[in-house]
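Student: I'd like a close look at a single part of this model. Could you take me through it slowly?

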Amino acid sequence: MTDGRAAQLFGTARRIVVKVGSSSLTSEADGQLDPDRVQALVDTLAAARSGGREVVLVSSGAIAAGIGPLGLKQRPNDLPTQQAAASVGQGLLVAHYTRRFHEYGWPVGQILLTVDDVTRQKQYRNAYRTFQKLLQLGVVPIVNENDTVATHEIRFGDNDRLAALVAQLVHADALFLFSDVDALYTDHPSNPDARRISVVAGESDLSGVDTSRTGSRVGTGGMTTKIEAARIATSAGIPVLVTAARNAEAALNGDDVGTRFTPTGKRRPTRLLWLQHASYTAGYLHLDWGAVRAVVERKASLLPIGITRVEGDFSTGEPVSLVAPDGSVAARGLVNFDADDLRRVIGHSIAEAGEEFGPDWERVAVHRDVMVVLSRPRSARPVKDSAVAGQR
Ligand SMILES: Nc1ncnc2c1ncn2[C@@H]1O[C@H](COP(=O)(O)OP(=O)(O)O)[C@@H](O)[C@H]1O
Ligand SMILES: N[C@@H](CCC(=O)OP(=O)(O)O)C(=O)O
């Protein structure tokens, strides 16, 4: 895709997901919600809505908005206080948005999501239908993680990845990630030698880019989570623009601002994409190499005979990771057995399982129709992948 075309895509995208970070909604002095910043963002988004575009806003800032009313000095670091601050702040945040959008005649609807809502098939479908209905009714959905009930194990923690999953979920034409920094740079922007990267067309454009320093006092994840979010969205064919919230109008117009991530994958039906990028896995099925090859190369269903070990305490229908003997995750899928039942049949053929336990047991462990093979095998235990059942 040429640069000009990519730019045009952002200017013409009809259904857009806009994510705004805490750093863009708060005042630098005290980290508390800044109504003027909220107003400036709403001015731009309401204009886009009035121009016929469908807007889904993923807004951080609940914890920041709770700082003042709770008399806290700064953003809390411990989970219970974060949950309390989010509980107080989320209502205030949405009240601001409701008032501002109302001035332009647009109703807003709050959607608080947990990891389960975008990882479990039934909840995913349910969330999809809710978004569809809201958009059909002309509502601007305002999304945040349900921080008040999220725990360390089952938490996105940052809204960047959540926004990418929401962009997939609603089949967005483009995803905008608004932050306090105007683009991705080759190094932390405080380094005078850091240069803006205007287009990322693939992984090679990211080689040598340093995002190790985290960002603002109130934000989470810095640029690292934005790049990960961009990977998720672009692999589903959705272009991503990272820039500062103050550039929102220019970004929505398709002007040359920020960093554009061009699609790397084709637009596909989203039925299984959530599985690929789900942070939550209910358990791990350790496979022998024969089973890995069958699943990855022949796109076959996974049979119990190819499983050497079952880890976790999952129920039928939950997402599990399929782990190769070298520890990489080769695929993810919805498991066809409860963990304890699966332990009884691993290493056996389907016929043997049927003979021993009855015809109900004659089934594959993970059917290929509910499995995604990962194009980039992942380490079995990335930080976010540690939410194994048993801790839940
Ligand atoms: N290579 C880089 N290019 C741009 N920003 C970077 C880079 N590395 C780290 N950062 C930091 O990432 C921050 C944005 O992330 P974050 O504070 O989490 O924002 P938000 O709250 O908008 O999600 C920037 O303010 C900047 O300090
Ligand atoms: N869900 C949290 C946001 C987490 C967070 O800080 O995200 P971000 O500012 O986007 O890096 C909140 O509303 O406070």
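Student: For residues 283-355, how far apart do the end C-alpha atoms lie, and what percentage of the span is helix and what percentage strand?

Tutor: Sure, and keep in mind that this is a predicted model. The end C-alpha atoms of residues 283-355 are 27 Å apart, with helix making up 29% of the span and strand 33%. As for where those limits come from, UniProt lists residues 283-355 as "domain: PUA", in an unreviewed entry.

Now zoom in on helix H11, which covers residues 289-296. Its buried residues are Ala291, Val292 and Val295. Look down the axis of H11 and those buried residues fall within an arc of 105°, so they line one face of the helix. Swing round to the other side of H11 and you'll find Trp289 and Gly290, both exposed.

For a contrasting view, try helix H8, residues 222-235. H8 is mostly covered, with 12 of its 14 residues buried. Among the buried ones are Met223, Ile227, Ala230 and Ile232, and the list also includes Lys226 and Arg231. The length of H8 checks out too: at 1.5 Å a residue its 14 residues should span 20 Å, and the end C-alpha atoms are 21 Å apart, which agrees. Just after H8, glycine 237 takes a positive phi of about 85°.

Definitions and conventions: Residues numbered from 1 in each chain as written. Chains lettered and ligands numbered in written order. Predicted model: local features only at pLDDT ≥ 70, side-chain atom pairs only at ≥ 80, totals over all residues. UniProt positions renumbered as here; feature names shortened; annotations may be inferred. Helix = DSSP H or I, 4+ residues; strand = E, 2+ residues; numbered from the N terminus. Buried ≥ 20, exposed ≤ 12 C-beta atoms within 10 Å, placed from the backbone. Arc of directions from axis to C-beta. Expected span 1.5 Å × (residues − 1).
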